[in-house]
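Subject: Structure handover

Hello,

Here is the structure I said I would pass on. Please load it alongside the notes below.

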Amino acid sequence: MKKLQIICSLIGFLFSASISAQAKLDLPQKTLGGEAYYYYKVKGNESVEGIARQLGITAQDVVKYNPSAAQGIAKKQLLFFPVADFSASSKATATSTVASKKVTHLVKKGQSLYGIAKVYNVSVDELVAANPDTRNGLKEGQVIVIPVAVTAATQSTPEATYTSQAIFHTIQKGESMYSVAKQYNTTIENLIATNPGIYPNNFIEGDVVKVLPNTASSITIKRDIKQMVSHVAVKGETFESIAAANGLTVAQLKAANPEMKKVKKGNIVYIPKDGQSLEQVNSSQASVKELENTYSSKIDDIYASIHKTKSDGLINIAIMLPFQLHKQNPPRQAYLYTDFYKGFLLAVDSIGNQASKKINVHVFDTQHNLNTTDSILSLPELKNMDVIIAPSEPKQLERCNNFGLKNNIYVINCFSSKNEDYASNPSIIQLNMPTSYLASAVNQLISADFSDYEVIFLKDATSQETEIIPEIKQHLKSHNIKSHTIDILNAIEFETISAYMDPGSNYLFIPTSTSKQFFAKFAKALKDAKDKRFDCEVRLLGHPEYLSMKEIKASLQGINSFVYSRFFVASKSRGSVVETKFKAAYEENMIATTPSMGILGFDLGTYLISTMANHDSFATQKSYFDGVQMDIELQRSSNWGGYINKCVELVHFTESGVTEKIIK
């Protein structure tokens, strides 16, 4: 018996290149233990190969279902083949066409119509037409319909390159990566390659994934099969002893041998086994369970392979900026980029020795020239980078973004808020929050901190509204927050503002222009309203540009103002430490700008080194970074898009003169 058990364990896991769903066999059937089997009775002097030819299958198939046949077959021995595995109708059609289905999107905190439209490659008008109730804005938790958009997409995997029409799928309750891959006739590899945001097995009901349908390919799967081992009974064996030795009940063993009343020496006893085989099949022919059995234990490895996650002990960072060293008198902007670079190196020097990996910083001068940028990107060493810090010039940034996508390299955009490649490029890290996301964040803080305030817009009659204002107005309307508008052409008096204020009410004033000249037109009247209308609460919500206007700081404090911004040095002491280190290292002060480019470089360097030293991918790094001037917490714009820094500063200029930073 021990010899038999060893043989069974060796041949119980077989590799087969055949597809188990084959044509029906021209054989009689019998039901054993509730399973339907074809069976063949061996004639004298027959071989496994000969029987296989006669049945129109392979010798490998004979052994797969009858493991003991590998050691030979005997006259009158029965060979069994599960009927379920030999049904032509069960074969999946690899070329079946999958149609796009209704797609819904669950609105998350900070999302806007514009941002969602960009993610799904539709227009805002199309989005509103499909969801008329969004004309007045969005609410967190709201479910909206996405007009079906089909986009051409080419996806590379370790096996092949696929060109398909990408569609979207809303994950339903109970669905898994395996069921969605099966439903859309695609592979797990394609699903992970197209959606890096589902790392490693993050498949959440209500989320949306991008799918490349009808891209099934050949895969190797683990397939559960029913086997029947033929055992020649020896003296003294019984149903009880054979069943116990093979992990069966006596009833199960007797069910497989219904014509045998008692075990006698020399009897062939058929022992049912649950086996597995490795089979090369088209992925469309694998069941959901087979996909899960095959892939569940190696999802991490597949993700690492597809997205080139590495842990080689090195951090390779390329800084590609227009230092313009070829010019005798570079423009001021070039000096600011130099400050950024120096601040970055200061971070490397400050914490680099604490990192668990070696840090290599490669610096390139793009010369503010597209041809130079292309030449740099063509250098062989660029493909070995983990991160590229890209220039802000649109065409150069686009080149870097495309390079990052093609070579699976993170590209950091920390200077431009206008670029929107993050919506479709998973390699982009957009540190400078796009305006649409900034507007959504501001709307969230209005709802959270000023929900019981009426909003009064101070409209500059001489200029267009800053781009965030329409988003705020739409938000106020959808959330039933009262608002009024005061048109301002020349400097206004207290009485003009006071006329809009009812006793006992709270008011949040929002200017529509960011200019210093416009601020001067209402600052005194608003300060008077703050002082004289003691029956009302008065606040000002100002724009980031105010932080660079030192001459208005006293007015901001007098009005008890709040200013939203992407950057702010909250602690003078923390800022002074960096400035002191900078001067000691380079024997010169940082160039005074808002934001400070030197501190921006220091913050980014600190964040990158601390993150990449402890994580092999930004996908596994979820923590919040408290920077000197810039706070960072990344989130993907979608499962298939790039990262966005979701941190917004709310700067409070208090009447006592203390300036506070509130992280939103």
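The notes below cover confidence first, then a few strands, one helix, the cysteines and some backbone details.

Confidence. This is a predicted model. The average pLDDT of the chain is 87, and 90% of the residues score at least 70. Residues 1–20 have a pLDDT below 50, and in the model this stretch has 52 contacts beyond near neighbours in sequence. Residues 89–97 also stay under 50 in pLDDT, with 14 contacts beyond four places in sequence.

Strands 14 to 16. Strand 15 (residues 410–413) is covered on both faces. Tyr410 and Ile412 lie on one side, Val411 and Asn413 on the other, and all of them are buried. In a regular strand, side chains alternate between the two faces of the sheet. Strand 15 runs parallel to strand 14 (residues 387–389), and three bridges join the two. Within that pairing, isoleucine 388 has valine 411 as its bridge partner in strand 15. The connection from strand 14 to strand 15 passes through helix 14 (residues 394–407), and this β-α-β crossover is right-handed. Strand 15 is also joined by three bridges to strand 16 (residues 428–430), again in parallel. There, valine 411 stands opposite isoleucine 428.

Helix 16. Which residues of helix 16 (residues 469–478) are buried? They are Ile469, Glu471, Ile472, His475, Leu476 and Ser478. Residues three or four places apart in an α-helix point the same way, because there are 3.6 residues a turn. The cover over the buried residues of helix 16 includes two helices, helix 4 (113–120) and helix 15 (435–449). It also includes strand 17 (453–460), strand 18 (483–488) and strand 19 (506–511). After helix 16 comes asparagine 480, with a positive phi near 55 degrees.

Cysteines. How many disulfides does a search of the whole structure find? The search finds zero. For cysteine 400, the nearest cysteine sulfur belongs to cysteine 414 and is 12 Å away. A disulfide needs the two sulfur atoms within 2.5 Å, so this pair does not qualify. Cysteine 400 has 0% relative accessibility and therefore counts as buried. Cysteine 536 is buried too, with a relative accessible area of 10%.

Backbone details. Most residues other than glycine have a negative phi, and most peptide bonds are trans. The following places depart from that.

- Asparagine 185 has a positive phi, near 55 degrees. Its place is the loop between helix 6 (177–183) and helix 7 (188–194). Asparagine 185 is buried, because its relative accessible area is 4% and the cut-off is under 20%.
- Asparagine 408 also has a positive phi near 55 degrees. This residue is in the loop between helix 14 and strand 15, in the connection described above. Asparagine 408 has 28% relative accessibility, so it counts as partly exposed.
- The peptide bond between threonine 594 and proline 595 is cis, with omega about 0 degrees. Proline 595 sits in the loop between helix 20 (572–586) and helix 21 (597–614).

If you plan to cut the model before further work, the stretches with pLDDT under 50 to look up are residues 1–20 and residues 89–97.

Regards

Definitions and conventions:
Residues are numbered from 1 along each chain as its sequence is written. This is a predicted model: local features need pLDDT of at least 70, side-chain atom pairs count only at pLDDT 80 or more; totals for chains, interfaces and linings use all residues. Side-chain values use heavy atoms; hydrogens and water are left out. pLDDT is the predictor's confidence in each residue, from 0 to 100. Contact means heavy atoms within 4.5 Å. Buried means under 20% relative accessible area, exposed over 50%, partly exposed in between (1.4 Å probe, protein chains only). Helices (H or I, at least four residues) and strands (E, at least two) are DSSP runs, numbered from the N terminus. Two strands pair if DSSP finds at least two bridges between them. A crossover is right-handed if, with the strands pointing away from the viewer, the path from the first strand over the helix to the second runs clockwise.
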